[in-house]
Amino acid sequence: MDTFQLIDKLCASQNLSVEEYEFIILNAEEKHLEYAAKKADEVRKKYYGNKIFIRGLIEISSHCKNNCRYCGIRCANKNAVRYRLSEEEIIQCCAKGYKLGFRTFVLQGGEDLFFTDDILCKLIEEIKKEFSGCAVTLSLGERTFSSYHKLKNAGADRYLLRHETATEEHYKKLHPEEMSFTNRMNCLKNLYQIGFQTGAGFMVGSPFQSAENLAADLFFIQQFKPQMCGLGPFIPHTDTEFKNFKAGKLKETLLCLSLVRLACPKILLPATTALATISTKGIELGIKAGANVIMPNLTSIEYRKNYNLYNKKADSGTQAAENLKELKAQMKSTGYEVVTDRGDAL
């Protein structure tokens, strides 16, 4: 089969082998990217119409116990500016977002040991009580089965835990020895079993990534069938050992978005901040490639610049919640409509 035929096969069956994904990655030209995006847009519109869901992103802490080799807030980075939002500050962010029309709040942060189950459960219960009809998404890393269960019982609806890479040997090149590929995958399985709307995800163009590694990521998403997938380009940070590696490519990231949409037609698929960082048109292009979620930043401006996972993070313009009107106008001009409901997975 040629590349067009493989894209058609994926569209029809939602199923390709690792080798077939790798063939597409290695052989995709501009015409194939355009075709995959067109097919992905058709599939997304079949299930979601022209709706784009918004999530209010709240970056609650830049403290992290981990030392991931690619990350700007890794614990060994002595130049990182550390902060931790109080419960009151988090609630204030939610109040600002709720007034703007946000009905999903994403609490994201490093693996900060301060945020115990008791603290998080109390916070989740308060958010659900204060802001009726909203969903709470957590993106706070690896925790125990018991911890995830408590967070779900407290009212959390979704949990995003990017697997980063579905190949164990590649995982070891990106993470310190004390972090386990097996544990990361088990955490994802636990989240699914507990009943979270579960999100996985990966970096495109990360250090030492081969076409086969990237194909394995796409195959993993196809088989695991998460309700959400957060994928974006790798972007280096000056205070990591990967500072001299090149960022992931825009076109390859857009291709992956399209292929994930075709493999999982009903998935909630963000056009990420990283995509907006490598291209001023990243969000718009991501939506056209099959994404249907955007996560404007609700974090207070004084803290926003310090949640610095990679260089030159886009946190202004349409990536900032305070510019929601601008984002709505931008999406409308390209034929899409930003909606303010919870936007649960179908």
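Which residue stands opposite Ile 52 in β11? I began with this pairing and noted that the partner of Ile 52 is Val 338. The model I consulted is predicted, and every entry below refers to that model.

**Entry 1. The sheet around β1**

I looked up the sheet to which this pair belongs. I found an open sheet of 3 strands, ordered β10-β1-β11, with parallel pairing. β10 (293–294) and β11 (337–339) are the edge strands, and each has a single partner strand, so one side of each is left without a neighbour in the sheet.

I then went through the pairings of β1. Strand β1 comprises residues 51–54 and is joined to β10 by 2 bridges, the two strands running parallel. I recorded Phe 53 opposite Val 293 of β10. I also recorded Ile 294 of β10 as the bridge partner of Ile 54. Towards β11, I counted 3 bridges from β1, again with the strands parallel. As background, I noted that the strands of a sheet pair through backbone hydrogen bonds, in either a parallel or an antiparallel manner.

**Entry 2. The sheet from β2 to β8**

I next traced the open sheet of 6 strands. The order I wrote down is β2-β3-β4-β5-β6-β8, and the pairing is parallel. At its edges I found β2 and β8 (228–229), each of which pairs on one side only.

I examined the β2 edge. Strand β2 covers residues 56–61 and is connected to β3 by 5 bridges, in a parallel arrangement. Ser 61 has Gly 109 of β3 as its bridge partner. I examined the β8 edge likewise. Strand β6 (residues 197–200) is joined to β8 by 2 bridges, and these strands run parallel. Here Gly 199 stands opposite Met 228 of β8.

**Entry 3. Burial of β3**

Are the residues of β3 buried or exposed? I found strand β3 (residues 104–109) mostly covered, with 6 of its 6 residues buried. I sorted the residues by direction: Thr 104, Val 106 and Gln 108 point one way, while Phe 105, Leu 107 and Gly 109 point the other way, and all are buried.

**Entry 4. Ser 139 in β4**

I located Ser 139 in strand β4 (residues 135–139). Its relative accessible area is 12%; since buried means under 20%, I entered Ser 139 as buried. Setting aside neighbours within four places in sequence, I listed its contacts as Leu 107, Gln 108, Gly 109 and Leu 160. I also looked for a polar partner of the Ser 139 side chain: a polar atom of that side chain lies 3.2 Å from the backbone oxygen of Leu 160.

**Entry 5. The loop between β7 and α9**

I turned to the loop between β7 (203–204) and α9 (211–224), where Gln 209 lies. Gln 209 is buried, at 18% relative accessible area. What lies 2.6 Å from a polar atom of the side chain of Gln 209? I identified the backbone nitrogen of Gly 205. Not counting residues up to four places away in sequence, Gln 209 touches His 170, Met 203, Val 204, Leu 214 and Asp 217.

Phe 208 is found in the loop between β7 and α9 as well. I noted a positive phi near 70° for Phe 208, which is a residue other than glycine. With a relative accessible area of 46%, Phe 208 is partly exposed.

**Entry 6. Gln 14 after α1**

I then inspected Gln 14, in the loop between α1 and α2 (18–27). Gln 14 is not a glycine, yet its phi is positive, at about 55°. Its relative accessibility is 29%, and Gln 14 therefore counts as partly exposed.

**Entry 7. Packing of α1 with α10**

How is helix α1 placed against helix α10? I found that the axes of α1 (residues 3–13) and α10 (residues 250–263) come within 7 Å and cross at roughly 40°. The two helices are therefore oblique to each other. I listed the residues that make the contact: Ile 7, Leu 10 and Cys 11 come from α1, and Leu 259, Leu 262 and Ala 263 come from α10. By class, I recorded 6 nonpolar residues in this contact, no polar ones and no charged ones.

Conventions
Residues numbered from 1 in each chain as written. Predicted model: local features only at pLDDT ≥ 70, side-chain atom pairs only at ≥ 80, totals over all residues. Heavy atoms only, no water. Pairing = 2+ DSSP bridges. Helix = DSSP H or I, 4+ residues; strand = E, 2+ residues; numbered from the N terminus. Axes fitted to C-alpha atoms, helices over the stretch in contact; angles between N-to-C directions. Parallel < 35°, antiparallel > 145°, perpendicular 65-115°, else oblique. Contact = heavy atoms within 4.5 Å. Nonpolar A, V, L, I, M, F, W, Y, C, P; charged D, E, K, R; others polar. Buried < 20%, exposed > 50% of the residue type's maximum accessible area, 1.4 Å probe, protein only. Polar contact = N/O pair within 3.5 Å; in protein donor to acceptor, adjacent residues only side chain to side chain.
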